[in-house]
Amino acid sequence: MTKPDMIDDFCDTQSDTVRMVKIGVASAIYLASLWLIIAVQNDVLKDMHQGWTLGLMLVAAIMVIIISTLWLSALDITSSSDEPVAPRTRRARNVLVWSCVLGAAISVIFYLWPGDDWASIDMMSNGPIPASLAIVLAVIYVVGMIYSCLGWAKNIDEHERASINAGLYGAFLIYGILAPAWWILERASLVPDQDPMIMYTLVLTLFAAIWTYKRGT
């Protein structure tokens with residue numbers, strides 16, 4: 001290998017390492033922000049002063065929005081480039097946009113659902129909700145996710161599919177290790193009860209991080 005080749009390889013490795021660190025830091029901040037919102041809505045921080053709680057919630061919400069926007073930009077979903085885009089790529093992007101719209105719609109329906117005690121319902125908590133709302137949201141989520149997953153899988157190319165497979169494998173591996181270990185320790189009262197939303201956000205964030213990283217390699 002010649003000296004210029006060695007320099008190029010070093011620069012590529014350095015750039016790749018920097019990108020990995022950026023994705024890792026962004027994922028950690030994203031998870032911390034989501035978990036803070038979940039903790040507040042499950043009254044974990046009920047002893048904290050209300051002003052501090054509201055401030056932390058605001059910062060967490062802003063960080064979630066910023067990192068979500070950066071993630072969509074990294075995946076070229078929000079790109080305004082004039083370069084031509086293949087029809088399959090455009091359809092795959094549209095499925096991701098549709099998924100974001102679906103998530104936003106579920107949130108809007110959740111908080112606008114009529115009820116006598118709607119103000120006390122928190123989306124990210126484990127508290128009870130009306131049966132009618134649960135059925136509607138479950139149907140929308142299941143149908144929407146099946147449609148999105150099938151539409152996405154149909155339109156992605158080989159590189160995208162390999163990146164997704166890496167993300168799925170990594171996320172499932174973490175879930176397969178952590179969920180049973182947490183369950184065992186929980187039974188011995190060594191750790192708090194396993195929260196489904198904590199595990200859900202962890203698995204999805206890890207999937208998105210690995211997918212984003214592999215997509216750029």
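This report walks through the helices, the nonpolar cores and the aromatic pairs of one predicted protein model.

A quick word on ground rules. Because the model is predicted, local features need pLDDT of at least 70 and side-chain atom pairs count only at pLDDT 80 or more, while totals for chains, interfaces and linings use all residues. Numbering starts from 1 along each chain as its sequence is written, and side-chain values use heavy atoms, with hydrogens and water left out.

**The overall picture**

The protein has six helices and zero strands, so reading along the sequence gives α-α-α-α-α-α. Here helices (H or I, at least four residues) and strands (E, at least two) are DSSP runs, numbered from the N terminus. Of the 217 residues, 25% are buried. Buried means under 20% relative accessible area, exposed means over 50%, and partly exposed is in between (1.4 Å probe, protein chains only). The accessible surface comes to about 14500 Å², and 70% of that belongs to carbon and sulfur atoms; such areas come from the Shrake-Rupley method with a 1.4 Å probe, and for residues only the protein chains shown count as cover. Among contacts (heavy atoms within 4.5 Å) with a separation of 6 or more, 69% join residues 24 or more positions apart.

**The cores**

A nonpolar core is a set of buried Ala, Val, Leu, Ile, Met, Phe, Trp, Tyr and Cys residues joined through side-chain atoms within 4.5 Å. The largest one here has 14 residues, and those with the most contacts inside it are Trp152, Ile156, Ile164, Met199, Phe207 and Trp211. Helix 3 (87-112), helix 5 (158-187) and helix 6 (196-215) each give two or more residues to this core, with helix 6 giving the most, five residues. There's also a second, separate core of six residues, including Leu34, Leu36, Val40 and Ala60.

**Two helices up close**

The expected span of a helix is 1.5 Å times one less than its number of residues. Here is how two of them work out:

| Helix | Residues | Expected span | C-alpha end to end |
|---|---|---|---|
| Helix 3 | 26 residues | 38 Å | 37 Å |
| Helix 6 | 20 residues | 28 Å | 28 Å |

In helix 3, Ala92, Val95, Leu96, Leu102, Ile106 and Phe110 are buried, and the buried residues of this helix pack against helix 4 and helix 6. The buried residues of helix 6 include Ile198, Met199, Leu202, Val203 and Tyr213. At the N-terminal end of helix 6, Asp195 acts as a cap: one of its side-chain oxygens lies 2.8 Å from the backbone nitrogen of Met197.

**Rings in pairs**

Rings of Phe, Tyr and Trp (its six-membered ring) pair if their centres lie within 6.5 Å; planes under 30 degrees apart count as stacked, over 60 as edge-to-face and the rest as tilted. A search of the whole structure turns up three aromatic pairs. In one of them, Trp98 and Tyr147 meet edge-to-face, 5.9 Å centre to centre with 85° between the planes. That pair links distant parts of the chain, with Trp98 in helix 3 and Tyr147 in helix 4 (residues 131-155), 49 residues apart. Trp98 counts as partly exposed because its relative accessibility is 35%, and Tyr147 is exposed, at 56%.

Phe207 and Trp211 have ring centres 5.7 Å apart and planes at 20°, so they are stacked. Both are buried. They sit four residues apart in helix 6, which means about one helical turn separates them. Ring pairs also bring in Trp152, linking it with Phe207 and Trp211 into a cluster.

How values were computed
Polar contact = N/O pair within 3.5 Å; in protein donor to acceptor, adjacent residues only side chain to side chain.
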